[in-house]
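Dear colleague,

Please find below the structure that I am handing over to you. My notes on it follow directly after.

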Amino acid sequence: MTSSTPSSASPPSQVVYEAANLKREFDDGKVQALRGVDFSILAGEFVAITGPSGCGKTTLLQILGALIKPSSGSLLYRGNSLADLPDPSEYRAREIGFIFQSFHLLPTYTTLENVQMPMFEMGWSASERRDRAAELLKSVGLGHRLDQFPAKLSGGERQRVAIARSLANGCSVLLADEPTGNLDSENAERVMELLVNLHTDKHMTLVLITHDQGIAGTASRTLRMKDGRVLSDSALTTTLAAS
Amino acid sequence: MTFLTVVARGLIRRPVRTGLTLLGISIGIAAVVALVGISRGFESSWASGMKARGTDVVVSNLSSALTPKPFEDKVRERITPLPHVAATCTILVDLMGIESSSMMFVSAREWGGFSWENLKLTAGRMPKDAMEPVVILGRTAAEVLSKKIGDPIQIETRELTVAGIIDGGAIVEDGSVILSLPLLQEITGNQGKINIIDVRVTPGTTEAEVKTLCQEINKVVPEGKAMPAGDNIGNSQAYKFIRAMSWGTSLLAVLVGVLGVMNTMLMTVFERTQEICILLALGWKRSRIVRLILWESALLGFSGGVVGVIIGGIGVKLLEHTPAIRGLLEADLSPQLMLMSVLISLVVGVISGLYPAWRSSRLPPGQALHG
């Protein structure tokens, strides 16, 4: 961990993300993707973000991943503003892992090499990178596919490689953009099982975008979005119901 | 997997395009090797020819042509009394079409002069006197003209006979037709004219004294310019022009290579936009992306340089053996030239990658979540 990124060594109850009046505009304000979003996510939570296409889910995930900056409002990661990070790549390299809907494996590299990609910024030796990648691929049940190129893998296998890759940097937060969107139900179930196990066994914070209500149902909390706003937050509903 | 593996894989994934770009830059570098090698070779061939003739100082007027401008042979009388001058030998050199060869050195030497001394006969004999209608051929010239002892040889309107074949000890000598000075003066209508005076200095003369002698000669012989034998050709206007042309043509070829590499690397960046965005999303720093593109273009440049040196070297060797060129030059394919060519190519690769690398560093990582 460098001084530019906040520490991830924190108790499970700690707030990981805290968003206040988060807005994001495109095309000089013609498109308002986020119109003032407020929420907080605790360490170890499994949050599903749902909503119709164009509601701002992906924009929100991009902001959480420091891929883009919000137009206004604030987003704190473990108490530090993501917008003020001097080097967002440091945060992406060490704090979070990305899982994409289309897997986004690099076609000219083997599964073992794909998983090593995020490790280049970690300062590890080539053999350390290789050993860790092999270990991660074994943990997702692909120990026998180390030297295969992505084109030779099924959709489910590709997404499992992508999950192994997202864990390569030893992150504590996983950001997943419709990870089962391109999979059949059997593979989708297997991938979700893997993600849920990571959440429960390793206490990873998991933020997942999905259209699938069934998958959203496996999350400990659901944020429903519409027109750039959070329409409902199951955590709040539960709290209100309890009170 | 190391970072270099990632770099190499980036190039290997598009073998045809990488191959064609390599070819483009290789041709540019081959041009550098060939043209600069030939022009340097011409200089060193000339210098070794002087050495083979036993010359220390050359007096000539190499102003604007490949062969020196003629002047009166009486000029020699002003040189012989100068200090450190041991001997002089007047020469008339020309580049002439001889029978099947379109261009060949014809070197006519003062009968009895010292420049005949180092010619080693491999067959036949030397001329019997100054006006005997015979020539001596360098061994390469004999091969190019397919002549043997006793064969007739046509020089301008005169038919002479091949009396001997020599090993001249230098490419210029080996590729020359050698005859006595009065004979060529008569054939070409240049009676009393020469274009070179070879000067041999007394034993023990220092380099500084040779330079002083050159200055002395320059004072008394305004018709020509005296120079230490090794410097002579390098200072001629014609040679300077050839050298400039060689570099100019080479640089143009290299520029084409630069554009080729730049185009390829830009295409690479455009095609790999999503891949680069994914790498950024996975935490790669922009500086690493810049390094990736620069390393790829540098590797392309380096490989192109190595291939170019090989193509250039082979090309020059083939050229040296073509009948039109054979015996006229020996390209200087020194390790220094090869190394310099590869270095140029490497620099070209890096320079060509700068703009694409900058473009790649501007890509928004958020694009990774689209598509």
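I begin with G65(A), a residue in the loop that runs between α1 (57–64) and β4 (72–77) of chain A. Please note that the model is a predicted one. G65(A) has a relative accessibility of 0% and therefore counts as buried, the cut-off for that class being under 20%. Outside the four places on either side of it in sequence, G65(A) is in contact with Y91(A), R92(A), I96(A), F98(A) and L175(A). One of these partners, I96(A), is 31 residues away in sequence, yet the two C-alpha atoms are 7.3 Å apart in space.

A second loop of chain A, the one between β6 (96–99) and α3, holds H104(A). This residue is not a glycine, but its phi is positive, at about 55°. H104(A) is also buried, because its relative accessibility is 6%.

Chain B offers a counterpart for your attention. H84(B), in the loop between α3 (76–79) and β3 (85–98) of chain B, likewise has a positive phi without being a glycine, with a value near 75°. At a relative accessibility of 29%, H84(B) counts as partly exposed.

I turn next to a pair of helices in chain A. Helix α5 (residues 155–166) and helix α6 (residues 185–202) of chain A pack with their axes 9 Å apart and at an angle of about 15°. The two helices, α5(A) and α6(A), are therefore roughly parallel, since angles under 35 degrees are placed in that class. Their crossing is right-handed. On the α5(A) side, the contact is made by G156(A), Q159(A), R160(A) and I163(A); on the α6(A) side, it is made by N187(A), R190(A), V191(A), L194(A), L195(A) and L198(A). Sorted by class, the residues in this contact of α5(A) with α6(A) are 5 nonpolar, 3 polar and 2 charged.

How is chain B divided into domains? Domain 1 takes in residues 3–44 + 239–369, and domain 2 takes in residues 62–223. The C-alpha centres of these two domains of chain B are 45 Å apart.

Chain B also has a helix pair to set beside the one in chain A. Helix α10 (residues 286–320) and helix α11 (residues 335–361) of chain B have axes 7 Å apart and pack at an angle of about 150°. An angle over 145 degrees counts as roughly antiparallel, so this is how α10(B) is placed with respect to α11(B). Here, too, the crossing of α10(B) past α11(B) is right-handed. The contact of α10(B) with α11(B) contains 15 nonpolar, 10 polar and 1 charged residues.

Several other helices of chain B have buried residues. In helix α1 (residues 3–12) of chain B, these are F3(B), V6(B), V7(B), R9(B), G10(B) and L11(B). The buried residues of α1(B) pack against α2 and α10 of chain B, and also against α3 (111–116) of chain A.

Helix α2 (residues 15–52) of chain B contains T21(B). With a relative accessibility of 7%, T21(B) is classed as buried. Its contacts, apart from neighbours within four places in sequence, are G260(B), V261(B), T264(B) and L300(B).

In helix α6 (residues 181–188) of chain B, the buried residues are L181(B), L183(B), L184(B), Q185(B) and I187(B). After α6(B) comes G189(B), which has a positive phi near 70°.

The last residue I would point out is L280(B), which belongs to helix α9 (residues 273–281) of chain B. Is L280(B) buried or exposed? Its relative accessible area is 1%, so L280(B) is buried. Which residues does L280(B) contact, its neighbours within four places in sequence left aside? They are R92(A) of chain A together with K285(B), R286(B), I289(B), L363(B) and P365(B) of chain B. L363(B) is 83 residues from L280(B) in sequence, and their C-alpha atoms are 8.9 Å apart in space. R92(A) has already appeared above, among the contacts of G65(A).

With kind regards

Terms used. Residues numbered from 1 in each chain as written. Chains lettered and ligands numbered in written order. Predicted model: local features only at pLDDT ≥ 70, side-chain atom pairs only at ≥ 80, totals over all residues. Heavy atoms only, no water. Domains from an automatic or database assignment. Axes fitted to C-alpha atoms, helices over the stretch in contact; angles between N-to-C directions. Helix = DSSP H or I, 4+ residues; strand = E, 2+ residues; numbered from the N terminus. Parallel < 35°, antiparallel > 145°, perpendicular 65-115°, else oblique. Left-handed = near helix turned anticlockwise from the far one by under 90°. Contact = heavy atoms within 4.5 Å. Nonpolar A, V, L, I, M, F, W, Y, C, P; charged D, E, K, R; others polar. Buried < 20%, exposed > 50% of the residue type's maximum accessible area, 1.4 Å probe, protein only.
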